[in-house]
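This report concerns internal space and helix packing in one protein model. Please examine the sequence and coordinates before reading on.

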Amino acid sequence: MSPISPIRPISLTIEIDSGSGFCFGVTTAIKKAEEELAAGQQLYCLGDIVHNGMECERLRKLGLITINHDEMSQLHGVKVLLRAHGEPPETYELARRNNIEIIDATCPVVLQLQKRIKRQYEAPSGTAGGALGAGSSIVIFGKKGHAEVLGLVGQTQGKAIVIESFDDVVKLDFTRDIYLYSQTTKSLDEFRRIINYIEQHISPGATFQSFDTICRSVANRMPNISSFASRHDLVLFVCGRKSSNGKVLYSECKRVNPNTHLIEGPDEIELEWLNKVESIGICGATSTPKWLMEECRNRILKVKG
């Protein structure tokens, strides 16, 4: 009888996705906030600077004060940072009236989109692309109430139509000219499905134009994160639950690897998830800081060490 071989412990590898982490717009906004705070300046931020609670708390400890629009209306002679999501024209007008200095960290991609929608809205009725006429609609594929979408709708004095998903496209009036845009962080595949549906249903006498305004720094993460999720036994997707692009990327991870869990930080890691896995992948949204993914890795190493 041959001797019984000892049971070898499962070796564990942990990989942090190199493609995850802050996008350019979020990185710029946070850098601007840190520079102002490091100079000893009192700084307010209109809304959460990023949809990640732990990063917001880190900046709060540095002195950043988060406010809403009602609170901003009571301020005078202060500095207010506008985050990457952008703001409607009324916010800039309020700042002018109240002598508020704006630190504008609107993402360049969002800013360009705002300008395009504004030009579309202001084009004279009856001209090529004119959207002021009663027979035209500016439609935005985005999340209702999302900060970026509020800024986009604001370029049309509130007249743009927002559709949140492919299922909403049937509610459009296809006898009108339709000019379709997208929130920068929406799913490219779903946007294309919406385009195809409108093309098939638009009335013969109506015009339809679509403008692909989805940020490629987000859209290009989809195939990369699919490949990343497929390589591991367990995937931890680290993300604030308010993040729109986080929901899209997490759904893709979950589709590829059902053993994917969304967590906001290391304290949400459940020990039973770690049983009988040899490979763990940690990834996140464009609003997820690298340091937070590293803390999740360190938490696993601590409990498995």
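The text below treats the cavity, the two largest pockets and two helix pairs in turn.

The model is predicted, so local features need pLDDT of at least 70 and side-chain atom pairs count only at pLDDT 80 or more, while totals for chains, interfaces and linings use all residues. Residues are numbered from 1 along each chain as its sequence is written, and side-chain values use heavy atoms, with hydrogens and water left out.

**Cavity**

One cavity of 30 Å³ or more is present. A cavity is a set of points, on a 1 Å grid over the protein atoms alone, where a 1.4 Å probe fits but cannot get out; lining residues have an atom within 4 Å of a point. The largest cavity holds about 260 Å³ of space, a volume being the space filled by probe spheres set on grid points that are joined across faces, edges and corners. Its lining comprises 21 residues, and C23, V26, H85, T185 and T286 lie nearest the centre. Helix 1 (24-38), helix 5 (108-122) and helix 10 (244-256) are the elements that give two or more residues to this lining. Helices here are DSSP runs (H or I, at least four residues), numbered from the N terminus. The lining divides into nine nonpolar, 11 polar and one charged residue; Ala, Val, Leu, Ile, Met, Phe, Trp, Tyr, Cys and Pro count as nonpolar, Asp, Glu, Lys and Arg as charged, and the others, Gly among them, as polar.

**Pockets**

A pocket is an open set of grid points with protein on both sides within 12 Å along at least five of seven lines. The two pockets are set out below.

| Pocket | Volume | Citation |
|---|---|---|
| Largest pocket | about 340 Å³ | volume of the largest pocket |
| Second largest pocket | about 180 Å³ | volume of the second largest pocket |

The largest pocket is lined by 17 residues, with K186, S187, E190, K247 and V248 nearest its centre. Helix 7 (188-201) and helix 10 each supply at least two residues of that lining, and helix 10 gives the most, with six residues. By class, the lining of the largest pocket has three nonpolar, five polar and nine charged residues.

The lining of the second largest pocket includes L46, H69, R83, E87 and L150. Helix 6 (residues 147-154) gives the most to this lining, with three residues. Six nonpolar, four polar and two charged residues make up the lining of the second largest pocket.

**Helix pairs**

Helix 1 also packs against helix 2 (residues 53-62), at an angle of about 20° and with the axes 10 Å apart. Axes are lines fitted to C-alpha atoms, for helices over the stretch in contact, and angles run from 0 to 180 degrees between N-to-C directions. Helix 1 is therefore roughly parallel to helix 2, a term for angles under 35 degrees. I30, E34 and L37 of helix 1 meet E55, R58, L59 and L62 of helix 2, contact meaning heavy atoms within 4.5 Å. Four nonpolar, no polar and three charged residues form the contact of helix 1 with helix 2.

The axes of helix 9 (residues 221-230) and helix 10 come within 9 Å and cross at roughly 40°. Helix 9 is therefore oblique to helix 10, oblique covering angles that are not under 35, over 145 or 65 to 115 degrees. This contact involves R221, M222, I225, S226, A229 and S230 of helix 9 with V248, L249, E252, C253, R255 and V256 of helix 10. Its residues divide into seven nonpolar, two polar and three charged.
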